[in-house]
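The questions below ask why certain terms are applied to this protein chain. Each answer sets a value against the definition it depends on.

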Amino acid sequence: MAGQLVLAATPLGDVRDASPRLMELLRDADVIAAEDTRRTRQLAAALGVSLTAKVVSFYDHVERTRLPLLVEEVARGHIVLLVTDAGMPSISDPGYRLVAACAERGLSVTCLPGPSAVTTALALSGLPVDRFCFDGFPPRKQGARREFFNGLRDEPRACVFFEAPHRLSECLDDAVSVLGPQRRAAVCRELTKTYEEVKRGTLRELADWAKGHVRGEITVVLEGAQPAARSVGDQVADVERLVTAGSRLKEACAVIAERAGVSKRELYDAVLAQRTSAE
């Protein structure tokens with residue numbers, strides 16, 4: 001029987017979110033590589049699953065040393081199940097190196113989809129999240145953290161990141177300083193757990209709220225930057241580029257005006273005015 005590496009998502013908090021496939025794999029896998037073996041055993045017990053697999057730890061500090069052994073297990077025809085404490089392996093957790101190593105050997109790798117703090121927070125944020133990026137944890141030191149937010153100043157996509165509860169207040173204060181107080185965000189705390197809470201508002205409102213010593217697992221969703229408003233005059237160069245490419249002036253004005261949401265007549269007049277001033 002061919003071996004396989006299976007990455008499996010585990011519940012964020014509520015064990016009832018575990019899928020039947022996860023329960024089957026916990027029961028039937030030959031090897032379970034767990035970020036925290038104690039928590040994985042607790043999950044199995046809560047699900048009523050008796051573990052018969054060899055359970056080994058697989059966290060940041062042992063990842064590189066464990067990796068060859070796990071790859072060899074797959075090569076020998078065994079099913080190796082990779083789980084983290086909560087959510088999806090490889091998403092700000094160990095996993096991608098093991099996937100890459102198995103792929104390099106031509107070994108089978110698959111994924112058991114399921115809970116993820118990233119997508120759960122996006123869904124609950126109440127923000128436009130049709131496009132988003134994930135940025136792990138912000139830097140701990142203030143200078144680097146402010147540079148992190150500076151990189152998001154003009155980012156049009158929503159951004160999701162994790163933060164430790166004891167650093168949340170300072171993190172949001174830095175976000176206010178760099179991005180301004182009116183940028184919208186959502187702070188999601190203890191997702192799917194008993195004390196789940198989602199606070200939505202401006203960065204200033206959330207920074208003030210976070211000064212109350214927030215606890216628990218934190219996921220933040222930051223609204224994407226709004227495109228800078230452009231005047232009619234800013235569109236003239238775009239019109240001229242279309243004209244140079246062969247469009248008639250009125251046709252080019254109609255195309256650019258519709259795209260930019262400005263008056264076609266005002267744009268046409270602005271093009272003529274700029275041509276006159278250039279003569």
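Q: What makes a stretch of residues a strand here, and which strand holds Gly201?
A: A strand is a DSSP run of E with at least two residues, numbered from the N terminus. Gly201 lies in strand β9. The model is a predicted one.

Q: Why is Gly201 called buried or exposed?
A: Buried means under 20% relative accessible area. Gly201 has 15% relative accessibility, so Gly201 counts as buried.

Q: Which residues is Gly201 in contact with, leaving aside its neighbours within four places in sequence?
A: Contact means heavy atoms within 4.5 Å. With those neighbours left aside, Gly201 is in contact with Arg183, Arg184, Ala185 and Leu206. Ala185 also stands opposite Gly201 in β9. Pro20 is 181 residues from Gly201 in sequence, and their C-alpha atoms are 37 Å apart.

Q: How do you know that β8 and β9 pair?
A: Two strands pair if DSSP finds at least two bridges between them. β8 and β9 have six bridges, in the antiparallel sense, so they meet the definition.

Q: What makes β8 and β10 a pair?
A: Strand β8 (residues 184–189) and strand β10 (residues 218–222) are joined by five bridges, set against a requirement of at least two, so they count as paired. The sense is antiparallel. Val187 stands opposite Val220 in β10, and Cys188 stands opposite Thr219 in β10.

Q: Why is β8 described as largely enclosed by the rest of the structure?
A: Five of the six residues of β8 are buried, so the strand is largely enclosed.

Q: In what order do the five strands of the open sheet stand, and which of them are at the edges?
A: The order is β6-β7-β10-β8-β9, with mixed pairing. β6 (132–134) and β9 (197–202) stand at the edges: each has a single partner strand, so one side of each is left without a neighbour in the sheet. Neighbouring strands of this sheet are turned by 20 degrees against each other on average, direction ignored.

Q: Why is the contact between Asp174 and Arg146 called a salt bridge?
A: The definition asks for a side-chain nitrogen of Lys or Arg within 4 Å of a carboxyl oxygen of Asp or Glu. The N to O distance between Arg146 and Asp174 is 3.0 Å, so the pair qualifies. Asp174 is in helix α7 (residues 168–179) and Arg146 in helix α6 (residues 142–150), so the bridge, spanning 28 residues, links distant parts of the chain.

Q: How are the two partners, Asp174 and Arg146, classed by accessibility?
A: Asp174 has a relative accessible area of 1%, under the 20% limit, so Asp174 is buried. Arg146 has 33%, which falls between 20% and 50%, so Arg146 counts as partly exposed.

Q: What makes Arg167 and Glu163 a salt bridge, and are the partners buried or exposed?
A: Their closest N and O atoms are 3.3 Å apart, which is within 4 Å, so the pair qualifies. Arg167, at 12%, is buried, and Glu163, at 2%, also counts as buried.

Q: How do you know that Glu240 and Arg275 form a salt bridge?
A: The N to O distance is 2.9 Å, within the 4 Å limit, so the definition is met. The pair links distant parts of the chain, 35 residues apart: Glu240 is in helix α9 (residues 236–244) and Arg275 in helix α11 (residues 264–278). Glu240 has a relative accessible area of 22% and is partly exposed; Arg275, with 32%, is partly exposed as well.

Q: Which residues are joined into one network by salt bridges that share partners?
A: Arg145, Arg146, Glu170 and Asp174 are joined in this way. A search of the whole structure finds 21 salt bridges.

Q: Why is α9 called roughly perpendicular to α11?
A: The axes cross at roughly 80 degrees and come within 10 Å. Angles of 65 to 115 degrees count as roughly perpendicular, so α9 is roughly perpendicular to α11. In this packing, Val236, Val239, Glu240 and Val243 in α9 meet Leu267, Ala270, Val271, Gln274 and Arg275 in α11.

Note on methods: Residues numbered from 1 in each chain as written. Predicted model: local features only at pLDDT ≥ 70, side-chain atom pairs only at ≥ 80, totals over all residues. Heavy atoms only, no water. Helix = DSSP H or I, 4+ residues; strand = E, 2+ residues; numbered from the N terminus. Axes fitted to C-alpha atoms, helices over the stretch in contact; angles between N-to-C directions. Buried < 20%, exposed > 50% of the residue type's maximum accessible area, 1.4 Å probe, protein only. Parallel < 35°, antiparallel > 145°, perpendicular 65-115°, else oblique.
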